[in-house]
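I opened this one to get my bearings before doing anything else with it. These are my notes, in the order I looked things up.

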Amino acid sequence: MPPTDTPEDLSGPSAYPCRPPVHGRRPRAPTQVSLQLPADTIAPSMARHQLRRWLAAAQWPAEDVDDIVMAASEAVSNSAEHAYAGRPAGFVDLQATIETLSDGRRRIICVITDYGRWRPVPVEHENRRRGLPLMRAVMETVTIDPRSDGGDQARYTRVVLTSRPIPPAGDR
Amino acid sequence: MSAVTRELGDQHRYLAPMQESDGTGAAHGSSPGPPREQLAQISTSEVRRDGREAVVVTVAGEIDIHTVDRLRGAVAEGLARVVDEPADGLALVIDLTDVTFLGSQGLTALVEATKAAQRRKEPLRIVVDHTRPVIRPIELTGLHDLLALYRTVEEALGVEI
């Protein structure tokens, strides 16, 4: 009888020799995801949802996913809360990329950008006091880039998160 | 309005729906995320375990800037209930066993709740089953010393298992 197409028939040395293993033909996850989110309170949950889906497709380790999702959620939350206060709500852009280092280890670079003007938020403000340390505790680096051109020129705020590297693909 | 996905080689772009012209900035139902109403489920009940009674605020789902006000409301309601009862009667318990996300807003709400309970001399007991989503932010921000943490509602009520 000819070999069937069911994966169950492809195990062990009796597998049809020229047939590629079905388990190897997994669709490759995209290396970058871009989101444009409304700057309101629903935005962090949208960001978390999309990031989890993307990182699951990339087979990212679960604990590292939690850390990236936590940090990105805080950054998006800050933008949603502070960027457009008193003005028509704008957008928060989130772009996340899988970067491969020279030694093969991989990490996520996540950039969260808003185009508003952050109200001066006192450091004593409860959420800021916990949100930023939380981000720094779960990420390798956190860079916040406020650009103030002065006058009435539009400002933007950009938060760049880099995650802790994970082992090279196939190193598990 | 549905979300649009456009493939750009290795990139996927998800476009959230544009703002409605009424300027409310509210995301609408077809946005690519969990439905807002299902983000968190919060309920309050009175329970009795072996003669110990408590008001238990049960929280499931995600506590973030969008849902934290509901948690605050439930805690305030719970505090009002225990204060009305005899001093050795009800305890207040927040059960976070089924919480899947806890961010800085949720941490702040738990700290505020703990302090409000202390002012009323009612201990606030918080149940976490030590799954990562909830215990990690609590430990990273050093709040595991301030918050009264228990592994189960039974443990919070001081009941022998």
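The entries below go through chain A, then chain B.

**Entry: what kind of model**

I'm working with a predicted model, so I checked confidence before geometry. Chain A has a mean pLDDT of 80, with 67% of its residues at 70 or more. I then went through the elements of chain A: α1(A) has the highest mean pLDDT, 97, and strand β4 (residues 141-147) the lowest, 82. Two stretches get a flag in my margin. Residues 3-12 of chain A stay under 50, and the model has 10 contacts for them beyond four places in sequence. Residues 147-154 of chain A are also below 50, and that stretch has five contacts beyond its near neighbours in sequence.

**Entry: chain A, the overall layout**

I counted three helices and five strands in chain A. Reading from the N terminus, I get β-α-α-β-β-α-β-β. Of the 172 residues in chain A, 35% are buried. I also looked at contacts with a separation of 6 or more: in chain A, 65% of them join residues 24 or more positions apart.

**Entry: strands β1 to β3 of chain A**

Which way do β1(A) and β2(A) run relative to each other, parallel or antiparallel? They are antiparallel, with seven bridges between β1 (residues 32-38) and β2 (residues 91-100). To fix the register I picked Val33(A), whose bridge partner in β2(A) is Ala96(A).

On to the next pair: β2(A) is joined to β3 (residues 106-114) by nine bridges, again antiparallel. My register marker here is Glu99(A), which sits opposite Arg107(A) of β3(A). The two strands make a hairpin with five residues between them, and Gly104(A) in the turn has a positive phi of about 90 degrees.

**Entry: helix α1 of chain A**

I ran a length check on α1(A), residues 43-57. Its 15 residues should span 21 Å at 1.5 Å a residue, and I find the end C-alpha atoms 21 Å apart, so the check agrees.

Next I asked which residues of α1(A) are buried. The list is Ala43(A), Pro44(A), Ser45(A), Met46(A), Ala47(A), Arg48(A), Gln50(A), Leu51(A), Trp54(A) and Leu55(A). I kept the usual helix rule in mind while reading it: with 3.6 residues a turn, residues three or four places apart point the same way. Arg48(A) and Gln50(A) are on the buried list along with Trp54(A).

**Entry: Gln59(A)**

Just after α1(A) I stopped at Gln59(A), which takes a positive phi of about 55 degrees. Most residues other than glycine have a negative phi. Gln59(A) is a residue other than glycine with a positive value, so I noted where it sits. It lies in the loop between α1 and α2 (62-82) of chain A. Is Gln59(A) buried or exposed? It counts as exposed, because it has 12 C-beta neighbours inside 10 Å, and 12 or fewer is the cut-off for exposed.

**Entry: chain B, the overall layout**

Chain B has four helices and seven strands. Along the sequence I read β-β-β-β-α-β-α-β-α-β-α. Buried residues are 37% of the 161 in chain B. Using the contacts of chain B with a separation of 6 or more, I find 62% between residues 24 or more positions apart.

**Entry: the sheet in chain B**

What is the strand order of the five-stranded sheet in chain B? It is β3-β4-β5-β6-β7, an open sheet with mixed pairing. The edge strands are β3 (40-49) and β7 (148-150), each pairing on one side only. Direction ignored, neighbouring strands of this sheet are turned by 25 degrees against each other on average.

I zoomed in on the β7(B) end. Strand β6 (residues 124-127) of chain B and β7(B) run parallel and are joined by three bridges. Within that pair, Arg125(B) has Ala148(B) as its bridge partner.

**Entry: His144(B)**

Last stop was His144(B), in the loop between α3 (132-140) and β7 of chain B. With 12 other C-beta atoms within 10 Å, His144(B) is exposed. Leaving aside neighbours within four places in sequence, I find His144(B) in contact with Ile138(B), Glu139(B) and Leu149(B). I also took one distance to Arg52(B): 92 residues away in sequence, and 25 Å from His144(B), C-alpha to C-alpha.

Key
Residues numbered from 1 in each chain as written. Chains lettered and ligands numbered in written order. Predicted model: local features only at pLDDT ≥ 70, side-chain atom pairs only at ≥ 80, totals over all residues. Pairing = 2+ DSSP bridges. Axes fitted to C-alpha atoms, helices over the stretch in contact; angles between N-to-C directions. Expected span 1.5 Å × (residues − 1). Buried ≥ 20, exposed ≤ 12 C-beta atoms within 10 Å, placed from the backbone. Contact = placed C-beta atoms within 7 Å. pLDDT = per-residue confidence, 0-100.
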